[in-house]
Each structure stands twice: as structure tokens, then as C-alpha cells.
Amino acid sequence: MRISSPLLRSGLTVAAAAVLPVALASGPASAGPGISVSTTGTNVSVTTTACAQLGGSWGTASLITGSQGDFAEGRQVALSGTSSGQTAGWSGISPGTYTVVVMCSNNSTAGTQAVIVSAAPSPSPSRSPSPSPSASPRGVMGGLGGAVEDYGTPTLVAGGALAGTGVIAAAWFLRRRRKPYRF
């Protein structure tokens with residue numbers, strides 16, 4: 001156990017020495033200004049915090065197809081929001097690959113991101129409720145506990161007589177089995 005303790009310490013030192021230069025070279029981990037694009041069905045939305053309001057405008061976002069060349073040819077929407085975040089959105093977008101570009105009101109680009117819009121899911125066919133079957137030709141429906149029809153007095157008396165006869169026959173049979181056989 002004394003041998004493993006120095007090995008553990010030296011292993012941690014080597015690991016720290018290997019990670020430290022990589023961490024210093026990568027710079028700070030905070031994310032810079034940019035955009036965040038999301039899709040829901042045929043809707044596309046973009047969010048940014050990089051733009052400042054200038055002349056009453058935050059900027060413009062453009063949705064560009066693969067066949068369009070630049071920002072001006074895309075579907076443009078004005079950014080709206082507050083200083084903590086600005087958004088823009090497009091609806092009814094056909095499936096395909098698009099590029100979203102956000103230009104702030106000071107003509108600086110907040111960011112560019114590609115997005116894929118997939119086809120909207122087709123609605124599943126709804127099942128129409130089927131009419132309930134008539135109970136009269138099929139008799140008592142088991143799942144409803146016999147409460148489907150109102151049976152008359154003769155039917156109830158006959159059922160009670162059959163149940164009573166069954167109870168008496170079962171009692172007679174069990175009583176006979178208890179007695180020993182006599183020859």
C-alpha cells in the first residue's frame with residue numbers, strides 16, 4: 001500500500017502537466033457573440049444577443065436557400081426583442097437545407113448557421129368510433145355484468161331455482177362422500 005500512494009501522486013502530476021498546456025492554449029471558455037437556430041416542423045427561429053439597438057432597429061435575419069447567393073436574396077425578417085436577446089422567425093418553410101444569417105443594425109454579422117428543415121409529420125389517420133353493437137340478439141354482454149337488459153320475474157325465478165338446485169346437489173354430494181362405504 002505504501003508503494004501505490006507515490007505512484008498515484010506521480011500519475012496525477014503527469015496528468016495535470018499534460019492537461020495544463022492544452023487548457024492554456026485554448027483560451028477562455030466563454031462563448032462569444034453568435035446565433036442559435038432551431039426548427040420545429042416547418043418553423044425556423046433564430047436567437048442572438050450580439051446586436052445592439054441602433055436607430056430603433058436591432059437588425060435583420062435572412063433565411064437563404066442553397067440556390068440563393070447572398071443575404072439580400074433570402075427571406076428577411078426584422079429582429080425583435082430587448083437588449084438581453086433578439087429573435088426572428090419564419091413559418092411555413094418547405095423541407096430543405098438553409099443558411100440563417102443575422103446582420104445587426106450596425107452592419108456587422110452576428111453569425112451564420114446552416115439548418116435542415118425536415119418535412120412536417122403527417123397526421124395519423126384518426127379512427128372514427130364504431131357504433132356499439134345491439135345487445136338484444138347477443139344476450140348478456142359479459143363485460144357489463146349482465147346489466148344490459150332488464151330481465152323479467154320469470155327469468156330471475158328460473159335462474160334462482162337453478163342456482164339453489166346446484167347448491168343442494170353439491171351439499172348432498174359432499175355429505176355422501178364423508179360417510180364410509182357400507183356393503
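Modeller: Before we start, one term: two strands pair if DSSP finds at least two bridges between them. Strands themselves are DSSP runs of E, at least two residues long, numbered from the N terminus.

Colleague: Okay, so how do S1 and S2 pair, and over how many bridges?

Modeller: Strand S1 (residues 35-40) and S2 are antiparallel, with six bridges. One of the bridge pairs is Thr40 with Asn43 in S2. The two strands make a hairpin with two residues between them, and Gly41 in the turn has a positive phi of about 65°.

Colleague: Where do these numbers come from?

Modeller: This is a predicted model, so local features need pLDDT of at least 70 and side-chain atom pairs count only at pLDDT 80 or more, while totals for chains, interfaces and linings use all residues. Residues are numbered from 1 along each chain as its sequence is written, and side-chain values use heavy atoms, leaving out hydrogens and water.

Colleague: What's the mean pLDDT?

Modeller: pLDDT is the predictor's confidence in each residue, from 0 to 100. The mean for the protein is 74, and 62% of its residues reach 70 or more.

Colleague: Which residues stay under 50?

Modeller: Residues 7-32 do, and the model has zero contacts for them beyond four places in sequence. Contact means heavy atoms within 4.5 Å.

Colleague: Back to S2. Which of its residues are on the covered face?

Modeller: Val44, Val46 and Thr48 are on the covered face of S2 (residues 43-48), and Asn43, Ser45 and Thr47 are on the uncovered one. In a regular strand the side chains alternate between the two faces of the sheet.

Colleague: What else does S2 join?

Modeller: S6, running antiparallel, through five bridges. Ser45 stands opposite Gly89 in S6.

Colleague: Gln86 is in S6 too, right where I'm looking. Buried or exposed?

Modeller: Gln86, in strand S6 (residues 85-90), is buried, with a relative accessible area of 0%. Buried means under 20% relative accessible area, exposed means over 50%, and partly exposed is in between (1.4 Å probe, protein chains only).

Colleague: And what does the Gln86 side chain reach?

Modeller: The backbone oxygen of Cys51, at 3.4 Å. Beyond four places in sequence, Gln86 also touches residues including Val46, Trp58 and Leu79.

Colleague: New topic: which strands are in the open sheet?

Modeller: Four of them, in the order S4-S3-S7-S8, with antiparallel pairing. Strand S4 (75-78) and strand S8 (109-117) are the edges, each pairing on one side only.

Colleague: So what does S3 pair with?

Modeller: Strand S3 (residues 59-65) pairs with strand S7 (residues 96-104) over seven bridges, antiparallel. Ala61 has Val102 as its bridge partner in S7, and Thr65 has Tyr98. Four bridges join S3 to S4, where Thr60 partners Ala78.

Colleague: Why is S3 largely enclosed?

Modeller: Because five of its seven residues are buried, S3 is largely enclosed by the rest of the structure.

Colleague: Last one: how many residues are in the largest nonpolar core?

Modeller: It has 19 residues, and those with the most contacts inside it are Val44, Val46, Trp90, Val100 and Val102. S7 gives the most, with four residues. A nonpolar core is a set of buried Ala, Val, Leu, Ile, Met, Phe, Trp, Tyr and Cys residues joined through side-chain atoms within 4.5 Å.

Colleague: And what does Val44 contact?

Modeller: Leaving aside neighbours within four places in sequence, its contacts include Val37, Leu63, Trp90, Val100 and Val115.

How values were computed
A polar contact is a pair of N or O atoms within 3.5 Å; within protein, one must be able to donate a hydrogen and the other to accept it, and residues adjacent in sequence count only if both atoms are side-chain atoms.
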